[in-house]
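Dear colleague,

I am passing on a structure that you have not worked with before, and below it I set out what was found. Please read the notes with the structure open beside them.

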Amino acid sequence: MKKNEHETSGCPFHSKINDLQKNSVTSEGKPMTTDQGVKINDDANSLKAGERGASLLEDFILREKITHFDHERIPERIVHARGSGAHGYFELYEDMSNYTRAKIFTDTENRTPVFVRFSTVAGSKGSGDLARDIRGFAVKFYTQEGVFDLVGNNTPVFFIQDAMKFPDIIHSVKPEPDWEIPQAASAHDTFYDFISLATESLHNHMWAMSDRGIPRSYRMMEGFGIHTFRLVNAQGESHFVKFHWKPKLGVHSVTWDEAVKINGADPDFHRRDLWEAIEAGHFPEWELGLQIIPAEDEHKYEFDLLDATKFVPEELVPVKIIGKMTLNRNPDNFFAETEQVAFHPGHIVPGIDFTNDPLLQGRLFSYTDTQLSRLGGPNFREIPINRAVNEVHNNHRDAQMRMTINKGKAAYFPNTIGGGCPHLAKMAEGGFTSFEERIDGKKIRDRSSSFNDHFSQPALFFRSLTMWEQTHLINAYAFELGKCLLDPIKQRMLWLLSQIDNRLATAVADKLGMQIPTGIEKPINQNIGADADPHKHEPPAVKHYLEKSEALSQERLPAATIESRKIAVLVAKGFDMVALQKMKTYLEELKHASFLLIAPHGGTVTSADSREHKVDHALMTTESVLFDALYVPGGAGSIQKLKEEGKVFKFINETLKHCKTVAFDGEAEELFQLSAAKDFVNDEAILLNGTPEQFASALAKHRNWMREPHTAHIAV
Ligand code: HDE
């Protein structure tokens with residue numbers, strides 16, 4: 001467990017925290033007042049004409065309180081409404097000035113404060129965390145040269161190629177407009193209607209259907225900037241760049257069965273996980289990696305770097321790790337910080353620049369525009385969480401909720417009355433200049449034919465997954481299409497899947513009890529104009545430029561650590577604390593996992609050595625899906641009691657079914673024999689009187705997925 005470094009004085013991370021302090025308020029020891037500062041004497045009763053009489057209009061205290069309350073809500077984000085945020089900092093390992101002049105990537109002495117917001121995409125603000133969905137991964141860097149936002153997702157590709165289609169895909173995935181169903185779910189007709197007609201979306205969709213769509217934790221996700229950006233150095237030379245975040249805890253997911261149950265047992269599972277980890281000092285960390293591509297290699301690949309539905313395989317361009325981000329402080333106020341934070345891919349600093357990716361170009365418009373209705377006007381940049389830590393001077397004036405009190409008469413440039421200020425900065429003084437890209441073309445509403453290959457990368461992705469990951473993906477498609485009501489849509493999807501990988505399509509068709517249709521000759525992408533030549537937009541044959549990309553499989557992105565993993569301990573009166581203590585000493589004290597006592601009742605539970613222990617959860621208030629592993633210590637009395645609880649068997653069997661580590665000690669062997677555990681004698685993640693080291697090493701693998709094909713008989 002680490003020390004909370006932001007408490008350490010002298011830490012540059014303080015620059016944003018100190019800035020936020022200017023607006024922080026605590027009411028400790030203070031009298032209650034109205035918004036005008038008048039002290040309040042009674043906050044429970046309105047002003048009335050007599051004890052039982054009508055309320056009086058003059059009651060300014062009541063009116064002010066109710067009026068403020070009436071306006072507490074702002075519109076939720078149209079996408080990414082459900083999210084959680086945290087503060088932290090970014091440290092640079094290596095000076096990248098060969099590629100960029102951005103100080104954040106050249107000054108290794110500096111720590112840049114960040115605020116990060118993770119989110120789901122489709123659901124409303126109050127929806128469950130475990131929806132099958134893409135996750136947002138948005139990072140705001142408060143650099144010395146201004147705010148830089150890296151507004152990415154947990155997948156390296158996006159659904160569409162051109163911003164023009166964003167409202168369409170979002171309308172298709174959001175609840176259907178007539179009956180407002182389903183919430184935070186893509187498994188419905190309108191979504192698959194669109195996906196199956198806009199074949200460019202199949203690639204990112206496949207990522208969403210993979211385990212990446214149901215992460216174990218925000219802390220265990222990769223992040224990607226998705227678009228190709230540019231780095232520009234002091235000499236004005238440009239390289240293309242892709243941004244990657246690699247989590248120190250590895251990349252892990254839950255099963256779909258768990259996701260469904262977690263959404264019921266604890267819809268705030270990811271939010272709580274992030275919050276509790278930071279409070280406990282388990283600060284999540286990600287390394288920042290760059291794929292740097294020389295400008296002259298722009299046309300070297302079999303895909304277009306400007307096409308956001310393609311990634312650059314790490315085998316073709318390795319990811320260079322250049323720094324690390326640590327999240328070490330929870331927000332003080334959800335609304336003020338996490339809700340009001342306004343990200344924008346157009347917030348860049350000198351040394352970073354855009355490309356002509358038509359999706360990115362459209363985003364550059366959208367993110368300011370949306371804040372105008374969400375946060376009420378153009379002054380949202382003055383909201384504490386959004387304001388830069390360096391000074392801001394310009395001639396923007398007025399508008400709703402203006403906080404800055406600009407002095408002087410000159411609000412224009414050039415001027416003499418204001419002494420010519422604020423003045424312009426030369427490039428050498430940090431002034432932003434756009435990369436001088438040569439552009440020469442006709443004004444045209446069309447799409448480059450280099451964007452036409454919609455099948456090669458989804459096929460590469462599928463091939464790169466392990467057997468168990470492929471099974472999860474097949475099951476996800478079978479579930480989602482199984483929820484669609486319209487057969488023609490399902491058929492179109494099956495046919496498209498068959499263009500990607502016939503084994504995938506056949507497996508899904510079997511589960512749906514349908515046939516893959518024949519007779520459609522070419523996949524038809526309907527994301528083209530009415531007068532466009534359809535032949536120009538026909539996808540080429542699936543290309544096989546790489547058999548597999550190791551980095552695409554979660555199994556290849558492990559972590560040896562079990563830090564912050566939660567282990568449920570099933571106990572009742574008389575449990576063997578000596579055995580538990582042995583486990584705790586190794587896994588908790590040395591490896592920083594945590595054990596939580598679950599007993600048939602709340603309050604305290606007495607161990608065999610007559611000591612009292614606080615119960616963390618009564619059995620009825622919790623579920624196995626909220627834990628990473630299970631430990632059942634012995635103790636004759638304890639096992640006798642646990643045997644009488646039906647939920648104990650549900651707990652054990654469910655943990656087994658979800659391929660987690662389960663350990664039984666001493667008399668708990670009886671539960672081993674009575675539960676499904678007895679069917680898995682050679683399973684390395686099911687331990688009978690195992691050592692703490694064996695427990696830790698099984699847990700570090702997250703799951704024993706090899707067990708999964710043999711768990712169908714476990715009914716939970
Ligand atoms: Fe967004 N997106 N987006 N998006 N996006 C928003 O901005 C939009 C896209 C992403 O935690 C909105 O402030 C358009 C790609 C994240 O606050 C909105 C297009 C990627 C977040 C918007 C895209 C993203 C948003 C809604 C296609 C990954 C949450 C609220 C041209 C690289 C940020 C807001 C947060 C949020 C528009 C495509 C990621 C409406 C028009 C590609 C992580 O402006």
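Helices (H or I, at least four residues) and strands (E, at least two) are taken as DSSP runs and numbered from the N terminus. By that scheme, α9 provides six residues of the shell around the ligand, which is the largest share.

This is a predicted model, in which local features need pLDDT of at least 70 and side-chain atom pairs count only at pLDDT 80 or more, while totals for chains, interfaces and linings use all residues. Residues are numbered from 1 along each chain as its sequence is written.

A residue counts as near the ligand if its C-beta atom, placed from the backbone, lies within 6 Å of it. There are 26 residues around the ligand, and those that come nearest are His80, Arg117, Gly136, Ala163 and Ser366. Two or more residues each are given to this shell by β2 (111-120), β3 (135-143), β4 (146-153) and α9 (358-374).

The unreviewed UniProt entry lists, under "binding site", Arg77, Arg117, Phe166, Arg363, Tyr367 and Arg374; such annotations may be inferred rather than shown by experiment.

Of these, Arg77 sits in the loop between α2 (60-70) and β1 (83-92), and it is buried because it has 21 C-beta neighbours inside 10 Å, the cut-off for buried being 20 or more, with 12 or fewer for exposed and partly exposed in between. Phe166 belongs to helix α3 (residues 166-173) and is partly exposed, with 18 other C-beta atoms within 10 Å.

With best regards
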